[in-house]
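Please read this report with the sequence and the three-dimensional structure side by side. It concerns helix packing and a few individual residues.

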Amino acid sequence: MAVLPILTYPDPLLQRPAVAVANFDAELRAFVDDLIETMRAGPGGVGIAAPQVGRLQRIVVVDVRAKLGDDCHGLMVLVNPDLIAWEGVAVGREGCMSVPDFTGNVIRAEQIRVQAQDIHGEDRVYECAGFEARAVQHEMDHLDGLLFLDRLVSRKTDLFRRKVYKR
Amino acid sequence: MSQALLTVIGEDRPGIVAAVTQALYTAGCSIGDASMMRLGGYFAIMQVLSYPQDLGAVEMALDAAVKRLNLRVHLDPLSSVAADGGAAPDTRVTVFGADRPGIVASVTAALASIGFNIVDLESERSGSPEHPIYIMVIQGRAPAGIAAVQEVLAPLRERESIDIGVHPLETVVL
Ligand SMILES: [Zn+2]
């Protein structure tokens, strides 16, 4: 087990799409253990994606128990995750271990359903809401080379959007 | 490099930001935090800039744009202590109601009484001309906690007949 170094923007690896995992072997399990340890050592400690440590594979780890207690799925290892349904939107302030010292408002779906494989390659479906859903979406963006900076909205934009639409 | 706070105000038209920032770039300045917006037919720029020589040189560099676009410019030197960004806001207060004098004054006075530090405030008049409504969003830090904010603002709901929401501003680092 080891804490891996986290890449920070503008490292080009953070903006490259990751490829699907094909081999569910011991090497993958060892890497995911390191990824979990790296997540827990970080300032947020609730989520991480493989590209953040320079491995361009579609692997995400989320564990929001530190924030929500037992009112969540606990430790989720999502391999090759796919967003299959979503509902509602909410604005929240996000930061990212790969973008130190900056936070901004981002719109995310409030409820999501995600299909993914677990560490052994078995298919799983998770339903997440609120904070947990936000964390999963943020980390899944990393798999497509997207940072929350790509999704920033201004306070004015979300507050007054309806009025602008009417014109 | 020294730092200064630059304020620019002019009648709104396309090209103000481009002209000002181009002049600053040419003068060797770099732009830090900035807030720029249209307000009542005017355009206002407030930004922190770092400049290489003296402020007089910055003013001279801006002169052509100032004359062409009829801008008003103000430069305040910043001490390195004041240039600190400060901590992120932890509380958001939303206020809306029929527009009437004194809403902002009474809300902000209540907040000041518990040491609430406003990081930013945005407001807008909206609705129809006969029934204007006022919408305000305040973000800041509440050293006495969010319950104290709720408590101090609660009496204003009735007295001013406005809707007030107090929301924790959680920042998630992912
Ligand atoms: Zn991130």
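The text below takes up two helix pairs of chain B and then some single residues of both chains.

This is a predicted model, in which local features need pLDDT of at least 70 and side-chain atom pairs count only at pLDDT 80 or more, while totals for chains, interfaces and linings use all residues. Residues are numbered from 1 along each chain as its sequence is written, chains are lettered from A and ligands numbered from 1 in the order in which they are written, and side-chain values use heavy atoms, with hydrogens and water left out.

## The first helix pair of chain B

Two packed helices are described by the angle between their axes and the distance between the axes. Helices (H or I, at least four residues) and strands (E, at least two) are DSSP runs, numbered from the N terminus. Axes are lines fitted to C-alpha atoms, for helices over the stretch in contact, and angles run from 0 to 180 degrees between N-to-C directions.

Helix 1 (residues 16-26) of chain B and helix 2 (residues 55-69) of chain B have axes that come within 8 Å and cross at roughly 160°. That angle makes helix 1 of chain B roughly antiparallel to helix 2 of chain B, a term for angles over 145 degrees. The crossing of helix 1 of chain B and helix 2 of chain B is right-handed, that is, the near helix is turned clockwise from the far one by less than a right angle. On helix 1 of chain B the contact (heavy atoms within 4.5 Å) is made by B:I16, B:A19, B:V20, B:A23 and B:L24, and on helix 2 of chain B by B:V58, B:A61, B:L62, B:A65, B:R68 and B:L69. The residues of this contact of helix 1 with helix 2 of chain B divide into 10 nonpolar, no polar and 1 charged; here Ala, Val, Leu, Ile, Met, Phe, Trp, Tyr, Cys and Pro count as nonpolar, Asp, Glu, Lys and Arg as charged, and the others, Gly among them, as polar.

Buried means under 20% relative accessible area, exposed over 50%, and partly exposed in between (1.4 Å probe, protein chains only). In helix 1 of chain B, the residues B:I16, B:A19, B:V20, B:A23 and B:L24 are buried. Seen down the axis of helix 1 of chain B, these buried residues fall within an arc of 125°, so they line one face of the helix; the arc is that of the directions from the helix axis to the C-beta atoms. The face of helix 1 of chain B turned away from its buried side carries the exposed residues B:Y25 and B:T26. The buried residues of helix 1 of chain B pack against strand 1 (2-11), strand 2 (30-39), strand 3 (42-51) and helix 2 of chain B. One residue of helix 1 of chain B is B:V20, which at 1% relative accessibility counts as buried and touches B:L6, B:V8, B:I45, B:L62 and B:L71, not counting residues up to four places away in sequence.

## The second helix pair of chain B

Helix 3 (residues 103-113) of chain B and helix 4 (residues 146-159) of chain B pack at an angle of about 150°, with their axes 9 Å apart. That makes helix 3 of chain B roughly antiparallel to helix 4 of chain B. By class, the contact of helix 3 of chain B with helix 4 of chain B has 7 nonpolar, 2 polar and no charged residues. In helix 3 of chain B, B:I103, B:S106, B:V107, B:A110 and B:L111 are buried, and they fall within an arc of 130° seen down the axis of helix 3 of chain B, so they line one face of the helix. On the other side of helix 3 of chain B, B:A105, B:A112 and B:S113 are exposed.

## Backbone and single residues

Positive phi values in chain B are listed here.

| Residue | Phi | Place |
|---|---|---|
| B:G28 | about 80° | just after helix 1 of chain B |
| B:G115 | near 75° | follows helix 3 of chain B |
| B:N70 | about 55° | not a glycine |
| B:S161 | near 40° | residue other than glycine |

B:N70 is found in the loop between helix 2 and strand 4 (72-78) of chain B and counts as exposed at 60% relative accessibility.

In chain A, a cis peptide bond with omega of about 10° joins A:Y9 and A:P10. A:E132 lies in helix 3 (residues 130-143) of chain A and counts as buried at 4% relative accessibility.

Methods:
Parallel < 35°, antiparallel > 145°, perpendicular 65-115°, else oblique.
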